Amino acid sequence: MVRRDELLAYLDGLLDAGRFRDYAPNGLQVEGAATVTKLVSGVTASRALVEAAVTAGADALLVHHGYFWQGEDPRVVGMKKARLAPLLVHDINLFAYHLPLDAHDLYGNNVQLAAQLGITVSGRFGPEPALAMHGELAAPLSTDAFARHIERTLHRSPLCVSGGEHVIRRVGWCTGAAQKYLEAAAALGLDAYISGEISEHTVHAAREMGIHFFAAGHHATERYGVAALGRHLAQRYGIEHLHIDLDNPV
């Protein structure tokens with residue numbers, strides 16, 4: 001068992017949440033029970049995940065994508081009411097960390113994706129605080145072979161844009177909707193870049209800059225950070241943890 005406020009203070013400090021100018025508030029988004037004995041983690045605080053947390057008897061829900069995004073309708077009506085109501089009725093805390101969870105050196109989405117794909121991390125790139133990472137494969141792979149490796153690992157067939165005939169050894173990546181870092185990856189001389197999503201112009205940019213691009217799914221690339229963080233919290237505080245992965249094809 002851990003006090004909610006102690007858990008919040010630890011998470012804010014561990015993830016250095018105050019360092020990031022984000023698109024939504026990081027930390028405790030919905031206040032629930034004063035103590036936590038069972039934690040459920042998941043990628044997005046959808047209604048389905050909230051209902052799964054209720055069924056699991058959770059005191060807290062830890063997610064990467066929470067609520068109250070910039071520019072959204074602030075009224076608690078419709079879909080937002082349907083998501084919030086079970087949390088309030090069942091006294092479930094909602095903790096959400098967006099960019100801080102992408103960036104963390106141990107439990108972040110990017111470093112956890114590298115571990116899944118067997119990429120040795122060499123460094124970071126992009127504007128500070130830098131989220132994107134680059135590193136090397138243990139052995140060079142062809143474009144098709146690397147696509148198959150991603151598919152086997154993430155259980156999702158990536159959309160692949162070929163940037164030429166060269167093999168892949170040096171790779172850049174940033175999970176989620178991070179196709180905007182493609183040009184910076186090309187400037188580093190990387191062979192390939194992985195993100196979750198792709199835009200129409202990304203195809204032309206990859207071809208013209210000579211860098212292979214892999215769009216492996218927003219959800220698929222961001223499964224691993226929140227699960228790793230949940231396991232860490234369970235070990236640190238002796239609480240029960242259940243990671244629930246609700247499939248999302250995007």
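This is a conversation about two helices and a pocket in a predicted model.

Colleague: Why are helix α2 and helix α3 called roughly parallel?

Modeller: The axes of α2, residues 47-56, and α3, residues 78-89, cross at roughly 15 degrees and come within 9 Å. Angles under 35 degrees count as roughly parallel, and therefore α2 is roughly parallel to α3.

Colleague: Which residues make the contact between α2 and α3?

Modeller: From α2 come Arg47, Val50 and Val54, while α3 brings Ala82, Arg83, Pro86 and Leu87, and the crossing in which α2 passes α3 is left-handed.

Colleague: What makes 2 of the residues in that contact charged?

Modeller: Arg counts as charged, whereas Ala, Val, Leu and Pro count as nonpolar. Arg47 of α2 and Arg83 of α3 both belong to the contact, and the division is therefore 5 nonpolar, no polar and 2 charged.

Colleague: How do you know which residues line the largest pocket?

Modeller: A lining residue has an atom within 4 Å of a point of the pocket. By that criterion the largest pocket has 35 lining residues, and His98, Asp102, Ala177, His218 and Glu222 lie nearest its centre. The space in this pocket is about 700 Å³.

Colleague: Which elements supply at least two residues of that lining?

Modeller: They are β4 (38-44), α2, β5 (60-65), α4 (99-103) and α9 (218-221), and the largest share, 3 residues, comes from β4.

Colleague: How many residues of the lining of the largest pocket are nonpolar, polar and charged?

Modeller: The lining divides into 17 nonpolar, 11 polar and 7 charged residues; Asp102 and Glu222, which are among those nearest the centre, are of kinds that count as charged.

Terms used: Residues numbered from 1 in each chain as written. Predicted model: local features only at pLDDT ≥ 70, side-chain atom pairs only at ≥ 80, totals over all residues. Heavy atoms only, no water. Axes fitted to C-alpha atoms, helices over the stretch in contact; angles between N-to-C directions. Helix = DSSP H or I, 4+ residues; strand = E, 2+ residues; numbered from the N terminus. Parallel < 35°, antiparallel > 145°, perpendicular 65-115°, else oblique. Left-handed = near helix turned anticlockwise from the far one by under 90°. Contact = heavy atoms within 4.5 Å. 1 Å grid on protein atoms, 1.4 Å probe; cavity = no way out; pocket = protein on both sides within 12 Å on 5 of 7 lines; lining within 4 Å. Points joined across faces, edges and corners; volume = space filled by probe spheres on them.
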